[in-house]
Structures are given as structure tokens and as C-alpha cells.
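Please look over the sequence and the coordinates below before reading on. The paragraphs after them are meant to be followed with the structure open alongside.

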Amino acid sequence: MSVRYTVTRGCTKCGWCVHECQADAIAFDREGAHIDPESCTGCGRCYDNCASEAIEKLVDDG
Ligand code: SF4
Ligand code: SF4
């Protein structure tokens, strides 16, 4: 089972997740924050700390 995190449209570009991410996996584009799945370690800190609940947790059972 693997867990992935992705940013949805609710992102307010507050920047908190970038600050929280110790893997340096989050960057901004025009839409808002964007998580690089290659760099993400799946720690969940961004998900747990996004005040706008803009980050989605995707669980892959396969
Ligand atoms: S913490 Fe949430 S609202 Fe703030 S930049 Fe990250 S994804 Fe966007
Ligand atoms: S789950 Fe952890 S490593 Fe992945 S983007 Fe969020 S804070 Fe960074």
C-alpha cells in the first residue's frame, strides 16, 4: 500500500506546506502549491497542516 498526496484547487497559496515539507517536495506554480511525487516521502505533514484542507490523501492498495 502506498500513500500519495496531491494539492487540489482549494489552495490559498499560504506557503505553510512548503515550510513544513522537509523533503523540499513542494513548489508553487500559477495554480498554487504542487507536490513532486518523486521527492515526496509520504510523511503527511503538509496534509496534516494545511488549514484550507486543500491537500488530498490518495491511498493506493495495489
Ligand atoms: S498549506 Fe494548503 S493552502 Fe497553504 S500553500 Fe499548502 S496546499 Fe496551499
Ligand atoms: S507528504 Fe511530506 S514529503 Fe510529501 S509533500 Fe507533504 S510534507 Fe512533503
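What follows moves from the overall fold to the strands, the core, the two ligand shells and a few individual residues.

The model is a predicted one, and the features described here should be read with that in mind. The protein contains two helices and four strands, and from the N terminus on these elements follow the order β-α-β-β-α-β. The radius of gyration is 11 Å, close to the 11 Å that the globule rule gives for 62 residues, so the protein is as compact as a globular protein of that length. Along its principal axes the C-alpha trace spans about 30 × 20 × 20 Å. Of the 62 residues, 21% count as buried. Among the contacts between residues at least 6 apart in sequence, 64% join residues that are at least 24 apart.

The pairing of strands can be followed at E2 and E3. Strand E2, which covers residues 26-29, pairs with strand E3, residues 32-35, in the antiparallel sense over four bridges, and the hairpin that joins E2 to E3 runs through two residues. Within this pair, Ile26 stands opposite Ile35 in E3, while Phe28 has Ala33 of E3 opposite to it.

Ala27 is found in strand E2, and this residue is exposed, because 12 other C-beta atoms lie within 10 Å of its own and a residue with 12 or fewer is placed in that class. Not counting residues up to four places away in sequence, Ala27 touches His34 and Asp36. Its C-alpha atom lies 9.4 Å from that of Cys17, a residue 10 places apart from Ala27 in sequence.

Gly32 belongs to the partner strand, E3. This glycine counts as partly exposed because it has 17 C-beta neighbours inside 10 Å, whereas a buried residue would need 20 or more. When residues up to four places away in sequence are set aside, Gly32 touches Val7, Cys11 and Lys13. Trp16 is 16 residues from Gly32 along the chain, and the C-alpha atoms of the two are separated by 12 Å.

Which residues of the largest nonpolar core touch the most other members? This core has 13 residues, and those that touch the most other members are Cys17, Ile26, Cys46, Cys50 and Ile55. Strand E1 (2-7), strand E3 and helix H2 (45-49) each supply at least two residues of this core. For Cys46, leaving aside its neighbours within four places in sequence, the contacts are with Tyr5, Cys17, Glu20, Cys21, Ile26 and Ile55.

The model also holds ligands, and the surroundings of two of them can be described in turn. Ligand 1 is surrounded by 14 residues, of which the closest are Cys11, Cys14, Trp16, Cys17 and Cys50. Helix H1 (16-20) and strand E3 each supply at least two residues of this shell. By character, the residues around ligand 1 divide into nine nonpolar, four polar and one charged. Cys17 and Cys50, listed here among the closest residues, are also among the core residues that touch the most other members.

Around ligand 2 there are 14 residues, and the closest are Cys21, Ala23, Cys40, Cys43 and Cys46. The shell of ligand 2 divides into nine nonpolar, three polar and two charged residues. Cys46, one of these closest residues, is in contact with Cys21, another of the residues named for this shell.

Two loop residues deserve a look at their backbone angles. Most residues other than glycine have a negative phi. Lys13, in the loop between E1 and H1, has a phi near 60 degrees, a positive value in a residue other than glycine. Lys13 is partly exposed because 13 other C-beta atoms lie within 10 Å. Asp24, in the loop between H1 and E2, likewise has a positive phi, near 55 degrees, without being a glycine. Asp24 counts as exposed because it has 10 C-beta neighbours inside 10 Å.

Conventions: Residues numbered from 1 in each chain as written. Chains lettered and ligands numbered in written order. Predicted model: local features only at pLDDT ≥ 70, side-chain atom pairs only at ≥ 80, totals over all residues. Pairing = 2+ DSSP bridges. Near = placed C-beta within 6 Å. Nonpolar A, V, L, I, M, F, W, Y, C, P; charged D, E, K, R; others polar. Core = buried A, V, L, I, M, F, W, Y, C linked by C-beta atoms within 7 Å. Contact = placed C-beta atoms within 7 Å. Rg over C-alpha atoms; globule rule 2.2 N^0.38 Å.
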